[in-house]
Amino acid sequence: MKLYLATGNAKKLKELQAIIAEAALPVEVESAAALGGMPEVVEDAGTFPGNALKKAKGLLEIAPEDAWVLADDSGLCVDALGGAPGVYSARYAGENASDEENVEKLLRELDTIEEMNRQAAFVCVLALANKAGEEHFFEGKCSGEITHELYGEGGFGYDPVFVPQGQEMTFAALPAEVKAGMSHRGEALGKFLDWVKGMR
Ligand code: IMP
């Protein structure tokens with residue numbers, strides 16, 4: 001199976017590649033860069049599956065005939081904020097906002113929220129599509145809590161302020177393999193890899 005990963009986010013790409021490689025399945029993985037880069041896609045579907053499918057179809061347009069495309073749409077849903085930033089996680093502090101600006105806004109919004117009410121969950125939906133019109137979706141979720149300050153140097157996005165359930169450190173402070181083993185992306189990819197196994 002020849003699989004193109006539809007993301008322009010280098011850190012997301014690294015996580016996806018590492019987990020797929022670990023599974024040692026007959027999947028030949030390429031990034032969008034092999035096709036000249038990830039095309040511009042307007043993420044206005046309003047849902048994780050909708051946006052993931054838009055990204056998959058965007059890259060599919062320039063992919064070879066026999067290719068499969070896998071796209072990730074993900075975000076952080078915070079209970080005390082009614083599920084925000086959710087599908088708007090990448091642009092929470094504005095269009096083209098940096099990870100630092102988004103995290104800063106999140107901590108500001110939660111400033112008065114006490115310890116016991118800082119629950120949140122990362123959600124990841126993977127959309128798999130091919131030119132024959134097949135579409136499949138795989139979802140993963142990881143619950144945890146938002147800290148008051150940033151901790152750790154690893155990961156990306158909201159990792160420095162998210163402590164997954166059962167851990168005492170943020171995703172940014174945990175080793176990448178630990179994050180991969182329990183993250184929303186790891187769970188969604190696990191379901192995708194099971195699907196690949198069933199296909200053989
Ligand atoms: P999108 O899927 O490209 O629309 O953006 C996802 C956004 O959600 C990222 O830019 C991050 O802000 C956030 N996000 C998704 N997955 C993770 C993760 O594993 N760690 C930290 N932040 C994440």
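**Sheet architecture and ligand environment**

Helix H1, spanning residues 10–22, lies across strands E1, E2 and E3 and strand E4 (119–130), and runs at about 155° to E1. The model is predicted. A further helix, H5 (residues 184–199), lies across E1, E3, E4 and strand E5 (135–146); the angle between H5 and E5 is about 155°.

The strands crossed by these helices belong to an open sheet of 6 strands, arranged in the order E2-E1-E3-E4-E5-E6 with mixed pairing. The edges are occupied by strand E2 (28–31) and strand E6 (162–164); each has a single partner strand, so one side of each is left without a neighbour in the sheet. From one strand to the next, the twist averages 35°. Within the sheet, strand E1 (residues 2–6) and strand E3 (residues 68–78) run parallel and are joined by 4 bridges. Tyrosine 4 has valine 69 in E3 as its bridge partner.

The ligand is surrounded by 17 residues, of which Lys12, Glu43, Asp159, Lys179 and Arg185 come nearest. Polar side-chain atoms approach the ligand at several positions, as follows. For lysine 12, an N or O atom of the side chain is 2.7 Å from an oxygen atom of the ligand. The side chain of aspartate 73 likewise places an N or O atom 3.2 Å from a ligand oxygen atom. In the case of arginine 185, a polar side-chain atom lies 2.9 Å from a nitrogen atom of the ligand. The ligand taken alone exposes 490 Å², and the protein buries 94% of that area.

Definitions and conventions:
Residues numbered from 1 in each chain as written. Predicted model: local features only at pLDDT ≥ 70, side-chain atom pairs only at ≥ 80, totals over all residues. Heavy atoms only, no water. Pairing = 2+ DSSP bridges. Helix = DSSP H or I, 4+ residues; strand = E, 2+ residues; numbered from the N terminus. Axes fitted to C-alpha atoms, helices over the stretch in contact; angles between N-to-C directions. Contact = heavy atoms within 4.5 Å. Near = heavy atom within 4 Å. Polar contact = N/O pair within 3.5 Å; in protein donor to acceptor, adjacent residues only side chain to side chain. Areas by Shrake-Rupley, 256 points an atom, 1.4 Å probe, with all protein chains shown as cover.
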